[in-house]
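New to this one? Take a moment to look it over, and then we'll walk through it together.

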Amino acid sequence: MASSSFRPANDPRLGIAFICLGMVVITVNDSIVKVFSDRYPLHEIVFVRAAVALLFSLVVLQFEGGLRALRTGRPAAHIARGLCMVVANLAFFGALASVPLADVTALFFVAPLLITLLSIPFLGEKVGIRRFTAVAVGFVGVLVMLRPGAEELEHAPDRLTLLLPMVAALAYATMQILTRKLRASAPASAMAIYIQGMFITVSLGFFIVAGDGRFAEGVENKSWLFLFRAWVWPTLEHWLVFVLLGGLSGFIAYALTQAYRLADAATLAPFEYVALPSAIALGWLVFDHLPDLWVLLGCTLIAGSGIYVYWRERKLAEGGGGRRRPEPTERGRAARADDLADP
């Protein structure tokens, strides 16, 4: 098993700069996908995007052990992790087709809270009453955003569509738990290649089964149409945008990997919420949409509870509130950063 001897210096300020830049670029990536959601099928966009990102990851792999680093003794776990990431992307981008960008982004940010809950049965971690309370507050924020009865409002998306970001968050949280189990078994670039390979495989499967658009006939739901619309050969201009999406995906993986190599996760994780104001700003500039007060309140509750969970875990890691946790390895940080690259 190859291992890298590169151990970058600890530089929290540069790490924070990388994580903030990565979050902004993620939001730009999501905005482009949303723009294309009424023109191309999601699996076509994912296929081209993954193919370009795969080339990027193969280049990076040469600096982390070469092709031999792809060898693994746990292929089933890597496949399961890849499928979780595919489900997370499909659900997240599917929701983008009919739900405002800021709403989808905010609902997805329950993922850190779900990771906290899933770490109890799967990783044997102990979660105290403070973090349980924070998780509960976060889910109150979800209820505020979903607003039972809001489907009666004009132009409101249906309840199942609003649940798609939650499905994405659950799949992403499960993938993160698998990453914690696998983080010492492969470098970040190899784990990225497994993910991109799964994206390509599933996209081709969609093309074979539904590429002719048969499952989209007579369908009006925008999210369903985005998933099952027939493949369309892109124009030259759109090919360039597709390649840009792949390049953005590769850059995101690089930026977040660097961030988590330069600083510890507890320092960086709260800055992931930079994606929320970025999504609100781009939603206004690109789609002329501003969230209402209920959505802003829900965003605040979700983000606040997530940041508190990260802060509390940091206090525990420093020995200020109970059992001390070991500091994550450099490779572990890089693996986690690769997973944060999308959605």
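What follows is a short tour, going from the whole chain to two loop residues.

First, keep in mind that this is a predicted model. The chain is built with 14 helices and zero strands, so reading from the N terminus you meet α after α, because only helix and strand runs are counted as elements.

How much of the chain is buried? Of its 343 residues, 53% are buried. As for the outside, the chain exposes about 15,500 Å², and carbon and sulfur atoms supply 68% of that area. Contacts reach along the sequence too: taking those in the chain with a separation of 6 or more, 85% are between residues 24 or more positions apart.

Now for the two loop residues, side by side:

| Residue | Loop between | Relative accessible area |
|---|---|---|
| D288 | α12 (275-287) and α13 (293-317) | 67% |
| A230 | α9 (222-228) and α10 (236-262) | 24% |

Let's start with D288. This residue isn't glycine, yet its phi is positive, near 55°. Is D288 buried or exposed? D288 counts as exposed because its relative accessibility of 67% is over the 50% cut-off.

Then there's A230, which is partly exposed: its 24% falls between the 20% and 50% cut-offs. Which residues does A230 touch, leaving aside those up to four places away in sequence? They are P41, G211, D212 and G213. You can also look from A230 across to F207: the two are 23 residues apart in sequence, and their C-alpha atoms are 8.3 Å apart in space.

Definitions and conventions
Residues numbered from 1 in each chain as written. Predicted model: local features only at pLDDT ≥ 70, side-chain atom pairs only at ≥ 80, totals over all residues. Heavy atoms only, no water. Helix = DSSP H or I, 4+ residues; strand = E, 2+ residues; numbered from the N terminus. Buried < 20%, exposed > 50% of the residue type's maximum accessible area, 1.4 Å probe, protein only. Contact = heavy atoms within 4.5 Å. Areas by Shrake-Rupley, 256 points an atom, 1.4 Å probe, with all protein chains shown as cover.
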